[in-house]
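Let's walk through this one together, starting with the overall fold and then zooming in on a helix and the cysteines. Have the viewer open as you read.

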Amino acid sequence: MTQFDGELSPPFEIVEPAHWRAPIIFNSPHSGSVYPLEFLNASRIDLAALRRSEDSFMDELIGGLSEQGFPTVRVNFPRSYVDVNREPYELDPRMFTGRLPSFANTRSMRVAGGLGTIPRVVGDGQEIYRERLSVDDALGRIEALYKPYHRALRRLINKAHQAFGTVILVDCHSMPSVGVSRDEPRRPDIVIGDRYGTSCASLLPDVVEEIMSGLGYSIGRNKPYAGGFITEHYGNPASGLHTVQLELNRAIYMDERRRERSPRFAQVAADFVALADALAQVPLGDLGPFQAAAE
């Protein structure tokens with residue numbers, strides 16, 4: 001079974017404010033940059049290549065929000081090691097020696113693309129591992145890292161839901177400024193994902209677009225990112241559970257080649273505070289839960 005020897009202690013961090021201003025949680029699941037030594041030794045590519053999958057510094061951009069009255073969640077292990085924005089067992093059988101459990105989802109589109117719970121490739125398509133992994137290694141990572149993170153996130157969501165009757169989870173990511181395909185149009189500054197209107201009340205992405213466009217950002221909706229497992233799994237507007245994903249163009253706040261914060265970094269962090277303030281002013285009654293109209 002996988003041993004982490006304190007390298008990933010803690011594997012994730014939740015910072016709650018002394019007083020919640022609103023039931024709004026900011027989550028950064030893909031900014032982890034603590035690479036276990038055993039992972040680096042097993043990789044056929046170097047650390048710089050592995051880090052291309054990171055949402056670098058996104059946890060820092062939202063980190064100050066806990067001081068403003070909003071809880072924040074950050075994952076410290078890298079998504080190339082375990083991706084918490086997947087189903088718990090989206091696993092590619094070609095990656096492992098031994099038989100995967102019967103309940104593993106081996107046929108999802110994400111597995112086909114090499115981006116399952118234990119990814120086969122990094123963001124630009126490079127293969128990660130020199131050799132196949134043991135099934136026990138994969139299951140050990142899921143038990144030790146993936147499941148505790150989701151248990152903790154679920155507890156935090158339930159706490160907000162019980163206290164306020166509704167909750168908003170803002171799932172924060174970053175995207176490369178240029179897509180892999182040359183045919184893809186220029187990416188906007190921010191892509192708002194709400195699973196095509198199913199993961200949150202329509203008011204929320206409208207507020208995000210109004211505030212961020214007013215601050216000078218170009219906005220897209222659901223393309224190329226509509227939201228992953230977290231957005232889909234935790235978004236249930238009929239029950240007062242609202243999840244919206246934000247994908248921030250990395251060129252806005254960092255030098256992508258050098259992986260360094262750009263001079264605009266502080267301003268982008270301040271703009272996230274403005275966004276949180278605006279979301280906190282949305283009347284909770286306007287979010288539902290709504291009863292279906294009688295036919």
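**From the whole chain to two cysteines**

Just after α5, G165 takes a positive phi of about 85 degrees. Keep in mind that this is a predicted model. The helix that comes before that glycine, α5, covers residues 135-164. From its first C-alpha to its last, α5 reaches 42 Å, close to the 44 Å expected for its 30 residues. Still, α5 isn't straight throughout: there's a bend of about 35 degrees at I142.

Now zoom out. The protein chain has eight helices and eleven strands. Its radius of gyration is 19 Å, close to the 19 Å the globule rule gives for 295 residues, so the chain is as compact as a globular protein of that length. Along the principal axes, the C-alpha atoms fill a box of roughly 55 × 45 × 40 Å.

What about the inside and the surface? Buried residues make up 54% of the 295 in the chain. Of the contacts with a separation of 6 or more, 80% link residues 24 or more positions apart. On the outside, the chain exposes about 13700 Å², with carbon and sulfur atoms supplying 49% of that area.

Finally, the cysteines. How many disulfides does a search of the whole structure find? The count is zero. Take C172: its closest cysteine sulfur is in C200, and because the two sulfurs are 13 Å apart, that's too far for a bond; the cut-off is 2.5 Å. Both residues are tucked away: C172 counts as buried at 0% relative accessibility, and C200 is buried too, with a relative accessible area of 3%.

Notes
Residues are numbered from 1 along each chain as its sequence is written. This is a predicted model: local features need pLDDT of at least 70, side-chain atom pairs count only at pLDDT 80 or more; totals for chains, interfaces and linings use all residues. Side-chain values use heavy atoms; hydrogens and water are left out. Helices (H or I, at least four residues) and strands (E, at least two) are DSSP runs, numbered from the N terminus. The expected span of a helix is 1.5 Å times one less than its number of residues. The bend at a residue is the angle between axes fitted to the seven residues ending there and the seven starting there. The radius of gyration is taken over C-alpha atoms; the globule rule is 2.2 Å times the number of residues to the power 0.38. Buried means under 20% relative accessible area, exposed over 50%, partly exposed in between (1.4 Å probe, protein chains only). Contact means heavy atoms within 4.5 Å. Accessible areas come from the Shrake-Rupley method with a 1.4 Å probe; for residues, only the protein chains shown count as cover.
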